[in-house]
Structures are given as C-alpha cells and as structure tokens.
Amino acid sequence: IMNTQAPRTLPCVRWGQHDISRLLVGHNPLKGWSHFSEELTAEMKAWHADRSRVLATLRRCEECGINTAQFGGADMHDLLRDHHDAGGRLQWIATFYGNDEGQQAIGQALDMEAELREILAATPAPIGIQHFGERTDRLYFEGRLPEVREAMKRLRDTGLLTGLCTHLPEVAEEVAAQGWDIDFYQLSFYTAYAGTRRKGIDRTTEIFDDPDRDRMAGLVRQLDKPCLVFKVLGANRKCRTRQDVEAALRYAYERIKPNDVVCVGMWQKHLDQVQANAAYVRELLGSGKG
C-alpha cells in the first residue's frame, strides 16, 4: 500500500482543470518496446514480466514527484487500476489507437466506439486522450487527414483533454493552420520511422536524426497550444552517459514553452532512472509546485 501522504510534486502546469507535472512517464519500456535494438527490447520484456517491478516503477514516479503518465492499451489500463487500488494517485492521458485494422498496440480489432468505451470505463478515469501518432501519420500520408479531424471531434465529445499526436512537423503545421479544436499536441522529437521522405511508414528501420529533432523543437514554440513532447532521449540513443541524458533533457526544456511538458520512458533495472530524471528536471526548473 502506498504512503497516503502526498509527495512533493515536480513543477507543474495547469491544463484545463488539472495540474500536470512537467515530467511525465511513458509506457514503451514498461511494455518492452525499446525502439533501439532487439536485445534491449528482449531485456525490457524479461525485466517487466515481473508485474511487481512495473508497479514499483509507478510508485517510484509518485515518490519522485511525477503525477501524470501517458499510457495506452488494455494492459496499461489494468496496471493503472492495480496501482490505484494500492493507493496510487497517478493521473493519466490515454491513447486512442483507432485500431480498426487490429494491427496496432492494443492488439484487438476494436471499432472506435468500442475502444472509447474501454478507455472511458478505466479506473482511474483518464484526464485526457490523444490520437495515436502512427495512425495520424499513416492517414496523413494517405491523404486522409480529414478522417483524423473527424475522430478528434468524437474525442472532444468525451469531455477529456484532447490531443493530436504526430511524429511529423508538417502534420502539426497543417493542423494549426486549419485551427483544429484540440487542447494539446503530442509531438515526437524524432520522426523515428524510415520512409517518410517517400511519404510512407517503414518500421523495419528507425531513424533518429538530430536535424529532425531541431525542426520539431523549433515548431513547438510556434504552436499556440500546449505540447507534450516525447522521444526526447532518442529511445536510448541519448542515454550513453548521465551527461548525455542531462544534455538531452536540457535541450528539450530550454526549447519548449513554459506550459509544455516532457514525457520520458523509464525503467529501473540498472539505475533508478525515475529518481535521476526527476532530480535533474527539478534542478533545471526549480523545486516545488508551480
């Protein structure tokens, strides 16, 4: 059972009715997705096969002042429920996968309404929902971005904070130009998948080029809505040393807006990454809440 005394939250921003710590925890390492190598992916999967370790990571996040997660999928819904049942207070932003083809991360062929019912029935209830970036980008390449806009209208009907996720600066630019009704952007610092110059998505090779990071970071400050930025550590590529991690986090926080937040995947096998990252963000932004 968690200590019921509220931890000292990291500096926060106010999104709607919610105070969100400026460092969020993401789900990729917890699911065993390294986006780095087959070896690291296998190691992450093996480590997190012990569910107690995953729950311990969420407890550690709260102990270190992280109050929000960005998670998606039925397995993460179950994890958050168990964390909540044990006294956890972590709030979360859900992922809407739009999994009509049964090929994306929740592993089920659900239509939109069925998926939304699962998300909205989760305990604790999410505070926000974002449209899965890879689906956004695929539909953009197929000339079907209006379908994403229609989906966003349905997400708006949920009453949750509503976000549009993409790995492509040109998508965010177009959405901004069209004035979509959203609350936030969720933006990858790296395009990640190959094939984008051919207007396609190729997951067999993932590309993490710093010029892509520079372009997205430059866009963030131009957008008039808050941003949740992710892949700021390049999926382990900026993690060779602690100095590399700190430099990448500094790069992110120095370029985003004061009401933006950073989401980082963390796992605890070799280092208390949660404590290390939270401590550096607290040092960088100043301690306390606000």
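1. A useful place to enter this structure, which is a predicted model, is the point where Ala 94 stands opposite Ile 129 in β6. Ala 94 belongs to the pairing of strand β5 (residues 91-96) with β6, two strands that run parallel and are joined by four bridges; strands are taken to pair if DSSP finds at least two bridges between them. On the β7 side, the bridge partner of Ile 129 is Thr 162, and β6 and strand β7 (residues 161-166) likewise run parallel with four bridges.

2. Residues are numbered from 1 along each chain as its sequence is written. In this predicted model, local features need pLDDT of at least 70 and side-chain atom pairs count only at pLDDT 80 or more, while totals for chains, interfaces and linings use all residues, and side-chain values use heavy atoms, with hydrogens and water left out.

3. Which way do the residues of strand β6 (residues 128-131) point? Gly 128 and Gln 130 point one way and Ile 129 and His 131 the other way, and all are buried, that is, under 20% relative accessible area with a 1.4 Å probe and protein chains only. In a regular strand the side chains alternate between the two faces of the sheet.

4. The strands named so far take part in a closed barrel of eight strands with parallel pairing, in the order β3-β4-β5-β6-β7-β8-β11-β12. Neighbouring strands of this sheet are turned by 25 degrees against each other on average, direction ignored. Helix α5 (residues 112-120) packs on the sheet and touches β5 and β6, its direction making about 170 degrees with that of β5; angles run from 0 to 180 degrees between N-to-C directions, and contact means heavy atoms within 4.5 Å.

5. Elsewhere in the barrel, strand β3 (residues 23-26) and strand β4 (residues 68-70) run parallel and are joined by two bridges, with Ala 69 in β4 as the bridge partner of Val 25. Helix α9 (residues 210-220) lies across β7, β8 (184-188) and β11 (227-230), and runs at about 165 degrees to β8.

6. Taken as a whole, the protein has eleven helices and twelve strands, where helices (H or I, at least four residues) and strands (E, at least two) are DSSP runs numbered from the N terminus. Of its 290 residues, 55% count as buried.

7. On confidence, the protein averages a pLDDT of 86, and 84% of the residues score at least 70, on the predictor's scale from 0 to 100. The pLDDT stays under 50 over residues 102-107.

Methods: Buried means under 20% relative accessible area, exposed over 50%, partly exposed in between (1.4 Å probe, protein chains only).
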